[in-house]
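Reader: Could you walk me through the charged pairs in this one, and then where the two chains come together? I'd like a close look at which side chains pair up and where they sit.

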2 protein chains.
Amino acid sequence: MTFDYIPSLLKPSESKIVLLLLDGLGGLPVAPGGPTELEAAKTPYMDHLAAEGALGQIIPIRPGITPGSGPAHLALFGYDPLKYDVGRGVLSASGVGIHIKPGDIAARGNFCTLDNEGKITDRRAGRIPNEEAAPLVKKLQAIKVPGVETEIKHVKEYRFTVVMRGKGLDDNIADTDPQQIGVPSLPVTATQPAAKKTAALFQEWINQANTILADQPKANGINLRGFATNPNLPQYKDIFGLKAACIAAYPMYKGVSRLVGMDVLDVDGDTPADEFQTVRQHWNDYDFFFVHIKKTDSTGEDGNFDAKIHVIETVDEALPGLLDLEPDVLVVTGDHSTPALLKSHSWHDLPIMLSARTGRFDRVTAFGETACLGGSLGRIRHVDILPLALAHALRLTKYGA
Amino acid sequence: MTFDYIPSLLKPSESKIVLLLLDGLGGLPVAPGGPTELEAAKTPYMDHLAAEGALGQIIPIRPGITPGSGPAHLALFGYDPLKYDVGRGVLSASGVGIHIKPGDIAARGNFCTLDNEGKITDRRAGRIPNEEAAPLVKKLQAIKVPGVETEIKHVKEYRFTVVMRGKGLDDNIADTDPQQIGVPSLPVTATQPAAKKTAALFQEWINQANTILADQPKANGINLRGFATNPNLPQYKDIFGLKAACIAAYPMYKGVSRLVGMDVLDVDGDTPADEFQTVRQHWNDYDFFFVHIKKTDSTGEDGNFDAKIHVIETVDEALPGLLDLEPDVLVVTGDHSTPALLKSHSWHDLPIMLSARTGRFDRVTAFGETACLGGSLGRIRHVDILPLALAHALRLTKYGA
């Protein structure tokens, strides 16, 4: 919907937008009445921005829905993930740094355990650790399927990604995982006639894999699911008129950024300061910079309240490196909440701060979950961020006469 | 959407609703931390209403979208402008006081400059001033097209409106403006077979116009675009059960009001006090009064912060003339923001105040952008105003048993 009316409103501008994303930023207090991680962190630069900026709350996707990283980033980038479906295979491939082009087919793979009748006894192969799984993935790289190119990469524990490239491939293929034990894996089946050839090629790949794995004690079978190709998302240049760059340390975020047409820039180092330095180096080359900070999420998932505070403080300390560039619009927010209390992603609203000369002032003087409740941006959705950023950057003309 | 469920809930009532619209009401502070125009204005009557009323914020259309006057008023009247499309030709005609009935076709016209091969060298005829354009429009009034009636009115500089009335006309016609120079104007072309006759009639009109203008130095050609007829919007009486009147000084707002079925009342004078006096004169004749104050917008577009303050204060001073009538519901808001800082319409949220005996009290004691952030109406959209006004006027029964 965003894309129906935005492109016709775009006007040329030299203005610069920075979207600073602290992954899993939203938090929860350890005890009722206490501060969240963000509220407990000492963030003088962010608080100064808050005092002169417009604050608000973000609903990621829909109330009550905890987003995975893929959908959360799509939403943040302006694409309602309930409308724009990026297949699991493509997200999984993005997560390990494989870019899926239109026509390439990606699938998620699981090692599983089969009994001597070929029936599944464990759908996750005893959750074999990385040390055991990685060498098996290496063995599977030997597979050759005539007429196509295949690539396999380990993801984590019993999970991997497999990609097939060639002419005339089609992703309308059903999962082979029967979602229960005591039965064999399903054959690779096309759900549309056009995918019959592709299904046969993947079946051949699985047959060779099963032969290679036959003597393994636990991981002697595999299942593939989430077959998908590049979803041909509308591109940033076309829908938002932005030459956009992604600065991120982790493959997953680089991958989703590429899908929407961002250039992915190399970072020398992995600290917030290193990422901001990359923005500086390329400041004249782009209109829009997406800067991704990962460790707020990983410390939250570890349940480490204090470590998450520390990461936020590290970002704040480095912030002058970004502010010196005087972006016309700086948005600071997260993709979802990852409260240390829950040790996982959560559905809670997120704080957002928009700093721009064109912003509506409010009375919020600190950047935190509770302070943001009174902000002038109100309670918006992820997909509203880009239109608001473009508006504040004076990149949109008015709608209608 | 609004209209799906409202009509079946309507119940008879003698209650009166006044919608007082300060065009471009929303503003921005000159410097961070300062007051907006509305916050800087001395408005004792509005502040008194705020102390006893329900306050909130309005999103005009969608986050980040700056509305033109036409879409903004449609939204304010309850019609989502992304759903109800009023063609540019009709809005343009409304803007100069021509009412387009169903079947009439209106188009926006531009004077342009043609070289001796008939190619466009300037799509806006050197932006000729009103003094040069108005006499040319007068010359074009001589055009006669057999079988139909035509009307032309000057808008501003190089722009005019042309209307055709007759039997069997159809507005599915493409723009003649090629949107570039160095090429001739496009012929008038039907985009649907039913519009072929209409296209030929407009071509005849253009041919005559070109002949009349042939010896002009700059404005020797014309282009027409935005062909449209009356969109047959659902009417106020039918969807909201309201006998509605419009009190406005400018043609544009009268025009849009007519499209939704309001009667347009004559005002003796053009001050807020004059407009309120018109409401008094017709108090017993209508259920709903839309009162439009224009100068908050025009002073904002001039970038004149102090003049906008003064207009707001003038409205406040005149307010007792309205309050004496004791309307059951008084809504005070704007159609969009026009911050003097930006000298243009903007996308920012607007303050709204609803004063009614049936309102939910809140802690807001002044009418201003920041104060409204804490109001009990929360953050609503323009299209929510009419249902809320009807509810507070006790004009709606409950939905379902």
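**Salt bridges, inside and between the chains**

Author: Let's start with a pair that is tucked away: B:Glu37 and B:Lys308 are both buried. Keep in mind that this is a predicted model, so everything here is computed from it. The side chains of B:Glu37 and B:Lys308 form a salt bridge, with N to O at 3.7 Å. B:Glu37 belongs to helix α2 (residues 37-40) of chain B and B:Lys308 to helix α12 (residues 305-318) of chain B, so this pair ties together parts 271 residues apart in sequence.

Now set that against another chain B pair, B:Lys218 and B:Glu132, whose side chains meet in a salt bridge at 3.8 Å, N to O. Here B:Lys218 sits in the loop between α7 (196-213) and β7 (221-228) of chain B while B:Glu132 is in helix α6 (residues 130-140) of chain B, so the bridge ties together parts 86 residues apart in sequence. Neither partner is buried in this case: B:Lys218 is partly exposed at 34% relative accessibility, and B:Glu132 is partly exposed at 38%.

Over in chain A, A:Glu149 and A:Arg165 make a salt bridge at 3.4 Å, N to O. A:Glu149 is in strand β5 of chain A and A:Arg165 in strand β6 of chain A, 16 residues apart. The two ends of this pair sit in unlike surroundings: A:Glu149 is partly exposed, at 47% relative accessible area, whereas A:Arg165 has 19% and therefore counts as buried, the cut-off being under 20%. The pair also has company, since A:Asp104, A:Glu149, A:Glu151 and A:Arg165 are linked in a network of salt bridges. The loop between β5 (149-156) and β6 (159-165) of chain A holds A:Glu157. That residue has a phi near 45°, a positive value in a residue other than glycine, and A:Glu157 is partly exposed at 28%.

How many salt bridges are there over all chains? A search of the whole structure finds 24. What happens where the chains meet, though? Across the interface of chain B and chain A, the rule finds zero salt bridges. What the interface does have is 11 residue pairs in polar contact, both residues at pLDDT 80 or more. On the chain B side, α4 (69-76) and α14 (369-372) each supply at least two of the residues that touch chain A. Of these elements, α4(B) gives the most, with three residues. By type, that side of chain B splits into 16 nonpolar, 13 polar and five charged residues.

As for the extent of the contact, 34 residues come from chain B and 30 from chain A. The two chains bury about 2500 Å² between them, with 62% of it on carbon and sulfur atoms. B:Pro63, B:Ile65 and B:Trp347 together supply 21% of the area that chain B buries against chain A, more than any other three residues.

So, to pull it together: the pairs described here run within chain B, as with B:Glu37 and B:Lys308, or within chain A, as with A:Glu149 and A:Arg165, while the contact between the chains has polar pairs but zero salt bridges.

Notes: Residues numbered from 1 in each chain as written. Chains lettered and ligands numbered in written order. Predicted model: local features only at pLDDT ≥ 70, side-chain atom pairs only at ≥ 80, totals over all residues. Heavy atoms only, no water. Contact = heavy atoms within 4.5 Å. Buried area = accessible area lost by both parts, 1.4 Å probe. Salt bridge = Lys/Arg side-chain N within 4 Å of Asp/Glu carboxyl O. Polar contact = N/O pair within 3.5 Å; in protein donor to acceptor, adjacent residues only side chain to side chain. Helix = DSSP H or I, 4+ residues; strand = E, 2+ residues; numbered from the N terminus. Nonpolar A, V, L, I, M, F, W, Y, C, P; charged D, E, K, R; others polar. Buried < 20%, exposed > 50% of the residue type's maximum accessible area, 1.4 Å probe, protein only.
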